[in-house]
Amino acid sequence: MAIYEPLPAKGERRRLQLRSPVDLEVIGEIECASAEDVRAALERARKAQPEWAALSFRSRARFVHRFMDLFLERSDELIDIITRETGKARSEAISMEIFAPMQAAAYYARRAEKFLKPRKRRVAGMLGWLKQLRITYRPLGVVGIITPWNGPIALAVNPLVQALMAGNAVLLKPSEVTPLSTQWMAGLWAEAGLPENVLQVLVGDGETGAALCEAGVDKISFTGSVATGRKVAEACGRNLIPCTLELGGKDAMIVCRDADLERAASGALIGSCMNTGQYCCGTERIYVVDELYERFVDAVVERARSLRQGTSGEFDVGALFWDRQLEIVEGHVDDARARGARVLVGGRRNPDLPGLYYEPTVIVDVDHDMAIMREETFGPVVAVMRVADEEEAIRLANDSEYGLNGNVWTRDKEKGFEIAQRIETGGVCVNDMALTYGVPEAPFGGRKTSGVGQVNGKKGLRGYTHEMPILIDRWGGTKVQGGYPYTRKAEDGTLAFAKRLFGNATLRRWLA
Ligand code: NAD
């Protein structure tokens, strides 16, 4: 039974019925925004945006704080909606969908003014004496944000607050797998008094997302799979608009010979199984040096056996969020098993639970011919491979089309830092599972097929603006520099001056 199924369309609008992955009961239905709906929303957003952009940073931040207050007051509602909609553990609903987005919202509400206020920048050389350069950060206009299902609130609030604080209006298209929590969140912005049409949520499927990319927005912030990312990039290329693409991953974990075994084993479990393994920077493949391998596997197996899976109350590992993902996870484990891998824990659907539950799984004797070590699994699977040494681990970590994040485990922090720099990936954590998305100061973005562009922090926030240089003449006078008429005398003078200035090593440095 699929998590979403088509219902008879209403005119132009496709309709979908949604079920909970917890027990497959119906939890709602949505009407997908049509291309015409998207265009109309864009028109409304265009009208609303100038007034929003005209507000001071402080005024805009006040709306963010009001939203945050409501969000925190009513967080129990969100926990109910999101655990039902996704099947994730309550603990993850709190850490990922409440704590992380609140941190991001607080950060950008406070820092936007500092990062985006106009500033003077020194101009090098002779021009510095003649001109003053000011940089301003102009809102782009209307930004389209397209989100996936694995972190519906975290992955919406972060770009949303950045785009809003930068003075843009936003059209937000949540995943068709998890639209209900986003609709709830949008309602809070309205209650917080956000001016009408500054944020509009367009629920829908891939066609709605495609229509948003074609509608004429000024930027797309996309988070999702590599396959869809390529389509979004093509559409943005065709329409000559910027986009950031935060895509899939196959993050490697390297366990060095001097790793703290207990910490590494616990990191392997949470890195692989958090959010039921559906975390873009989740640990997808683990390379352990020979000396530590047996003890590491024993420690991981012991911990994996103690993980609790459930539908309510206290448990550790929740459901997979939709049927398609469950099939992918099953496919990867079955393929690995057929090629000689050994499943030490789990490796099957949980027969005792009604919904989309796959047991936390530990699998060893895997290699790079198996899908489980090459393609994104996105499930609660700890896949461990023995390597001769750290050099082999680095080589294998780099043997991937993905490069989103990764982690290195060693007691020697400097060695961890050195190894981290040799991994061809977007970011690395030493002695932790991947946490960089939650650190606003850390530029976040994938290499290889894991993405284009970086988000978060000062640079990410500025990505929601046009960085506009304004060059102001300092001195005036009736004739502009280099103006007409051109004369031989002036040309020869300029040439001689250039030779004297740039031909002298000291002056050349002074002018640079
Ligand atoms: P997806 O690509 O299937 O869908 C993402 C969004 O794109 C959805 O809202 C979907 O409706 C929309 N969409 C589908 N077709 C579209 C089109 N042609 N044009 C525009 N929009 C379209 O991804 P998913 O399955 O929802 O999400 C899981 C993927 O997201 C995983 O690969 C995961 O690694 C990745 N992800 C990456 C990050 C990151 O920061 N790099 C974060 C979270 C998830």
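Modeller: A residue counts as near a molecule when one of its heavy atoms lies within 4 Å of that molecule. Please keep in mind that this model is predicted.

Colleague: Thanks! Which residues come nearest to the ligand?

Modeller: There are 30 residues around the ligand. Those that come nearest are Lys 173, Glu 176, Ser 225, Thr 228 and Glu 376.

Colleague: Which residue has a side-chain N or O atom 2.6 Å from an oxygen atom of the ligand?

Modeller: Let's go through the polar partners. At Thr 147, a polar backbone atom is 2.8 Å from a ligand oxygen, and at Leu 247 a backbone N or O atom lies 2.8 Å from a ligand nitrogen. The side-chain contact at 2.6 Å, to an oxygen of the ligand, belongs to Glu 176.

Colleague: How much of the ligand's accessible area does the protein cover?

Modeller: The ligand occupies the space of the largest pocket. On its own, the ligand has 850 Å² of accessible area, and the share covered by the protein is 90%.

Colleague: Which element gives the most residues to the shell around the ligand?

Modeller: Helix H8 (206–214), strand E9 (219–223) and helix H9 (226–239) each give two or more residues to this shell. The top contribution is four residues, and they come from H8.

Colleague: Away from the ligand, which residue is joined to Tyr 484 by a cis peptide bond?

Modeller: Most peptide bonds are trans. Here omega is about 0°. The partner lies in the loop between strand E21 (465–473) and helix H17 (488–502), and the residue joined to Tyr 484 is Pro 485.

How values were computed:
Residues are numbered from 1 along each chain as its sequence is written. This is a predicted model: local features need pLDDT of at least 70, side-chain atom pairs count only at pLDDT 80 or more; totals for chains, interfaces and linings use all residues. Side-chain values use heavy atoms; hydrogens and water are left out. A polar contact is a pair of N or O atoms within 3.5 Å; within protein, one must be able to donate a hydrogen and the other to accept it, and residues adjacent in sequence count only if both atoms are side-chain atoms. Accessible areas come from the Shrake-Rupley method with a 1.4 Å probe; for residues, only the protein chains shown count as cover. On a 1 Å grid over the protein atoms alone, a cavity is a set of points where a 1.4 Å probe fits but cannot get out, and a pocket is an open set with protein on both sides within 12 Å along at least five of seven lines; lining residues have an atom within 4 Å of a point. A molecule sits in a cavity or pocket if more than half of its atoms lie within 2 Å of its grid points.
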